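Trainee: I would like a close look at a single part of this model. Please start with the aromatic side chains, then work outward to the charged ones and to the chain as a whole.

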Amino acid sequence: MGGYANAYNNRGNARFDLRDLQGAIVDFNQAIKINPNSANTYYNRGIARSELRDKQRAITDYN
């Protein structure tokens, strides 16, 4: 299962790089559903949320 979480996290990073921030968040959400212990994925989602000016939810991800 961890491989799928990594795949979604990686695709989320690719979408982030392409500035598809909403798509990136969808992928990060899926990765977190599969592996809720991935600090890296929460961090990545926090960055995407911060870019979308969703500061409160970004802070939650960083915590």
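**The aromatic pair and its surroundings**

Mentor: Start with Y43. Its relative accessible area is 46%, so Y43 is partly exposed. Partly exposed here covers the range between the buried limit of 20% and the exposed limit of 50%. Keep in mind that this is a predicted model.

Now the ring partner. Searching the whole structure turns up one aromatic pair. Its members are Y43 and Y62, with ring centres 5.8 Å apart and planes at 45°, so the pair is tilted. The class follows from the angle, because planes under 30 degrees apart would count as stacked and planes over 60 as edge-to-face. The pair links distant parts of the chain. Y43 belongs to helix α3, residues 39–51, and Y62 to helix α4, residues 55–62. In sequence, 19 residues separate them. Y62 has a relative accessible area of 40%, so Y62 is partly exposed too.

Helices α3 and α4 are also joined by charged side chains. R45 and D61 form a salt bridge, and their closest N and O atoms are 2.6 Å apart. R45 lies in α3 and D61 in α4, so this bridge ties together parts 16 residues apart in sequence. Both R45 and D61 are buried.

D61 has a further partner. Its side chain meets that of R49 in a salt bridge, at 3.0 Å from N to O. R49 is in helix α3 and D61 in helix α4, twelve residues apart. D61 has 6% relative accessibility, so D61 counts as buried. R49 stands at 7%, so R49 is buried as well. Both values are below the 20% limit for buried.

Next, follow α3 to E51. E51 forms a salt bridge with R19, and the closest N and O atoms are 2.9 Å apart. This contact links distant parts of the chain. R19 sits in the loop between α1 (2–17) and α2 (21–34), whereas E51 is in helix α3, 32 residues away. R19 is partly exposed, at 46% relative accessible area. E51 is partly exposed, at 40%.

R19 has another contact, this time with a ring. The charged end of R19 sits over the ring of F16, 5.3 Å from its centre.

How many salt bridges does the structure hold? The count is seven. One group is a network that links R11, R15, D20 and D27. In general, side chains of opposite charge can pair when their charged atoms come close.

Step back to the chain. Its secondary structure is four helices and zero strands. The order along the sequence reads α-α-α-α. For 63 residues, a compact globule would have a radius of gyration near 11 Å; the chain has 10 Å, which agrees. The C-alpha atoms fill a box of roughly 30 × 25 × 15 Å along the principal axes.

Burial and contacts complete the picture. Of the 63 residues, 33% count as buried. Among contacts with a separation of 6 or more, 33% come from residues 24 or more positions apart. The accessible surface is about 4100 Å², and carbon and sulfur atoms hold 49% of that area.

Back to your part, then. The tilted ring pair Y43–Y62 joins α3 to α4. The bridge of R45 with D61 ties these helices too, and so does the bridge of R49 with D61.

Terms used:
Residues numbered from 1 in each chain as written. Predicted model: local features only at pLDDT ≥ 70, side-chain atom pairs only at ≥ 80, totals over all residues. Heavy atoms only, no water. Phe/Tyr/Trp six-rings, centres within 6.5 Å; stacked < 30°, edge-to-face > 60°. Helix = DSSP H or I, 4+ residues; strand = E, 2+ residues; numbered from the N terminus. Buried < 20%, exposed > 50% of the residue type's maximum accessible area, 1.4 Å probe, protein only. Lys NZ or Arg CZ within 6 Å of the ring centre and 35° of its normal. Rg over C-alpha atoms; globule rule 2.2 N^0.38 Å. Contact = heavy atoms within 4.5 Å. Areas by Shrake-Rupley, 256 points an atom, 1.4 Å probe, with all protein chains shown as cover. Salt bridge = Lys/Arg side-chain N within 4 Å of Asp/Glu carboxyl O.
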